[in-house]
Amino acid sequence: MCTLVRKHARWGWVFVSPYVLSLLCLTLIPLLFAIYLAFCRYDMFYPPIWTGLKNFKYILFENEDVWPSLRTIWAFAILQEAIKLSLASVLAVFLNSKLKCISAFRIIYFIPNLTPVVVTSMIFGMLYRPDGILNNLFSYIGLGPFQYHYSPNWFEVTLSVVFMCIWSGVGYSSMFLLAGLQGISTEILEAADVDGATGVQKFLRVVFPLMSPTLFFLIITGFAGSLQVFEPFFLLRAEGNSAAMVPNQMIYDWVWTSEGKIGYAAAFGFVVFFMVLIFTIIQKVAEKKWVHYEQ
Amino acid sequence: MKKFLCILLAFSMVFALSACTGGERGIGEAELLEGYDPNAAVTLKIGSPGGDTITPQEIIDNFDAAFPNITLEVDVAAWGEFQRKLKTQLAAKDPSHVFMNDSGYNASLGGKGAVMNLKGLIDRDINAEDYTAALFAATDAEGHVWGVPHAMNSIAILYNKKLFDEAGLAYPTEDWTFEEMNEMAKKLTKDENGDGEPEVYGYASSYNITEGYLPYVLASGGRLLDETRKISQFNTPEVLKGFERLYQPIEEGFSPTQQWISAQPGGTRILPFVKGQIAIILAQSSNIRAINENKADDFEYDAAPIPIGWDGNRYSVYVPNMWGIYSGATEQEKGAAWEFLKYYLSEEAQDITGKYCLSGYPIRKSTLSNIENNEEAVPRNVGAYFRYIDEFGETLFENPCWSEWNGVVAGYAAEIVRGEKVAAEIMPEVHEKVQEALDYYYNY
């Protein structure tokens, strides 16, 4: 019996070994190595030198750019998620209507999400030029000129990136919300009608609670992604302008454009990881308060 | 099974750690590669950032034909990507045997012993008198020579002849000064419709090190670092004066703002210069190709040497991007790499470099003389770019942590030139940050 179990177990290991090996080599070992490097000075050339908590001390208390970068991603995440989800909700209601050619509209709104971020950044880089189309349009109504990502003001740069990401991501969120809307049973809505609920009451008491699992999913994944944002800020950064750096840009710079401060990069990576983890746990705890699952 | 997994994990960790270690910290002795057999077959990997847009393919092909025993593998990557690629290749101990790099990063690799000290080989095989002083531009404070120049990307003043004629101004002379240049630029600035935004600016300031703050700091008698290149000099009055003088043209309205320049096609000063919106620019030689390709047939411009500074001296700044040889290569690979560099410095290859001038001028005097005497050269006074290198040449104060401290200064310089910060107020902070970057490398 024992031999048979052992024999089966051996074959089991053989079958799962491709996955186990890739998990070990491509995920677990790099992760453990990154944890080790967070406590070292390492430049990719000399062997790592153990420095204890020195990197974390530098990140949390000595580097003047770390806290502004965290402020930037929080502002980015909150603004982006709030505006994007509001717009996506309105869009989902519109796309749920029985208009002619509604499928075409659904495709049109989803297309920006399929556009590579490099292309999107180039388009917005042109729109945001000091003599670009946006400033020209604003000048007709007496506004501007705005400096967008050229601005020395971190908030103006962040807003520029927020609008670019909303353009790109609103279609994606609206598709989830549309699916959520279409998943609401017509019987429940009819029951609300029979009970004499108004449109607002129906939305607040029936539609919103039933949509809350979808919204919760979008918020939790949206914040986790936004707090780790890199490409839009990196690609849209105006040369020489460091007004709005985000953590991943600093990590990138420490690894590639400076003398290989891998220790700082790893330490900051874990600081951001724990920040996202804690925020996700808080969201998960708050889930019980406002997310309703249909029984 | 748990025990087995633990052992496997521990083994993997040790393996991962050992794979990521490099050589011991130490500075290479000058090697003479006496064990190199010139007739033995060897494969030589050449790292070529920018490929044939930076290094003429003709040079690679000619070398390939002249050395049949050396099999070439050319590793090409975009300029910006190459450094990142090289960094990982060095960590894996598998870089190209000879590679080109910017002078700052080459100094960094020299400080880590990643590239060979070529002093002995140059002294043995190269007649230094045939070359400008740039041949030894990669020499550090201890006398090691970490590479040989790919080209000299030097600076000079370019001016629009038609705008000078219209303003009735004489063209710049060899011994003109920065003060005279500013006076000319003021006279060349034209705001004919009186809207406060000139149609023609006399000059255009830049904030980068080579075309921006370094020439002004030097012309004000300042130095960025001390002789050991371990101590910041950004707290000296001369450096402060340099930054203030860099901003002066913008402050006084005879240079456009950076915002104006960013809004122009291409986002640089080159196209506005070609279109006659800027009369004078301080430009690196690598810009000449773009100017000549974009200029109209009737656009006439010429070059003048960098003016004499406020301290009475002239400084001719140049960027000597370097060829370095990987110190971890075998003796045979290093020997083949040195053969390549000897060929690169030969008259034939230097003439090819001079023919294309892709990223600057060659360093061989005879080639430079031919370029200067070429009646068809555009700009005609092309010698202004290299005539003073021997006497007044100055590189970018490269040291092993150059990219680190230069990155710090670049951010502040941009803020000063954009008018967001006042030089006098932030220079103590610049000094502190630069010294911090130097200390991180030297005293950590």
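# A tour of chains A and B

Select chain A. A compact globule of 295 residues would have a radius of gyration near 19 Å, but chain A has 24 Å. This is a predicted model, so keep that in mind at every stop.

**Stop 1: chain A as a whole**

Show chain A as a cartoon. There are 12 helices and two strands to find. Walk from the N terminus and the elements come in the order α-β-β-α-α-α-α-α-α-α-α-α-α-α. Turn the C-alpha trace along its principal axes: chain A spans about 75 × 70 × 35 Å.

Now switch on the surface. Chain A has an accessible surface of about 16,400 Å², and carbon and sulfur atoms own 71% of it. Of its 295 residues, 40% are buried. Look at the contacts in chain A with a separation of 6 or more: 69% of them join residues 24 or more positions apart.

**Stop 2: helix α2 of chain A**

Select residues 54-62 of chain A, which form helix α2. Which residues of this helix are buried? Colour Asn55(A), Phe56(A), Tyr58(A) and Ile59(A); these are the buried ones. They lie on the same side of α2(A), because they cover an arc of only 160° around the axis. The general rule helps here: an α-helix has 3.6 residues a turn, so residues three or four places apart point the same way.

**Stop 3: two cysteines of chain A**

Select Cys101(A) and Cys165(A). Is Cys101(A) buried or exposed? Cys101(A) is exposed, because its relative accessible area is 57% and the cut-off is over 50%. Cys165(A) is buried, because its relative accessible area is 12% and the cut-off is under 20%. Do not look for disulfides: the structure holds zero over all chains.

**Stop 4: chain B as a whole**

Move to chain B. The cartoon shows 18 helices and nine strands. Is this chain compact for its length? What does the radius of gyration say? Chain B has 24 Å, close to the 22 Å that the globule rule gives for 444 residues, so chain B is as compact as a globular protein of that length. Along the principal axes, the C-alpha atoms of chain B fill a box of roughly 80 × 55 × 40 Å.

Add the surface again. Chain B exposes about 17,800 Å², with 50% of that supplied by carbon and sulfur atoms. Buried residues account for 57% of the 444 in chain B. Among the chain B contacts with a separation of 6 or more, 74% are between residues 24 or more positions apart.

**Stop 5: the largest nonpolar core**

Select Leu44(B), Trp338(B), Phe340(B) and Tyr361(B). In the largest nonpolar core, of 82 residues, these four touch the most other members. Next, select residues 331-345 of chain B. This is helix α13, and it gives the core its largest share, eight residues.

Zoom in on Leu44(B). Leaving out residues up to four places away in sequence, Leu44(B) touches several residues, including Phe63(B), Ile70(B), Leu72(B) and Val98(B). Helix α13 residues can be picked out too: Leu44(B) also touches Ala336(B), Ala337(B) and Phe340(B).

Apart from this core lies another, of 62 residues. To find it, select Leu37(A), Leu218(A), Ile262(A) and Val276(A), which are among its members.

**Stop 6: His150(B)**

Select His150(B), in strand β4 of chain B. Why does His150(B) count as buried? Because its relative accessibility is 2%, and buried means under 20%. Show what surrounds His150(B). Beyond its neighbours within four places in sequence, its contacts include Ile54(B), Met100(B), Trp323(B), Tyr344(B) and Ser359(B). Thr353(B) is another contact of His150(B). These two are 203 residues apart in sequence, yet 8.9 Å apart in space, C-alpha to C-alpha.

**Stop 7: helix α15 of chain B**

Select residues 365-373 of chain B, helix α15. Colour its buried residues Thr367(B), Leu368(B) and Ile371(B). Their arc around the axis is only 100°, which puts them on the same side of α15(B). What do they pack against? Show β4 (148-160) and α14 (347-356) of chain B: the buried residues of α15(B) pack against both.

**Stop 8: Gln248(B)**

Finish at Gln248(B), in helix α9 (residues 237-251) of chain B. Gln248(B) is buried, because its relative accessible area is 18% and the cut-off is under 20%. Then display Asn182(B) and Phe254(B). Gln248(B) touches both, not counting residues up to four places away in sequence.

Conventions
Residues are numbered from 1 along each chain as its sequence is written. Chains are lettered from A and ligands numbered from 1 in the order in which they are written. This is a predicted model: local features need pLDDT of at least 70, side-chain atom pairs count only at pLDDT 80 or more; totals for chains, interfaces and linings use all residues. Side-chain values use heavy atoms; hydrogens and water are left out. A disulfide is a pair of cysteine sulfur atoms within 2.5 Å. Buried means under 20% relative accessible area, exposed over 50%, partly exposed in between (1.4 Å probe, protein chains only). A nonpolar core is a set of buried Ala, Val, Leu, Ile, Met, Phe, Trp, Tyr and Cys residues joined through side-chain atoms within 4.5 Å. Helices (H or I, at least four residues) and strands (E, at least two) are DSSP runs, numbered from the N terminus. Contact means heavy atoms within 4.5 Å. The arc is that of the directions from the helix axis to the C-beta atoms. The radius of gyration is taken over C-alpha atoms; the globule rule is 2.2 Å times the number of residues to the power 0.38. Accessible areas come from the Shrake-Rupley method with a 1.4 Å probe; for residues, only the protein chains shown count as cover.
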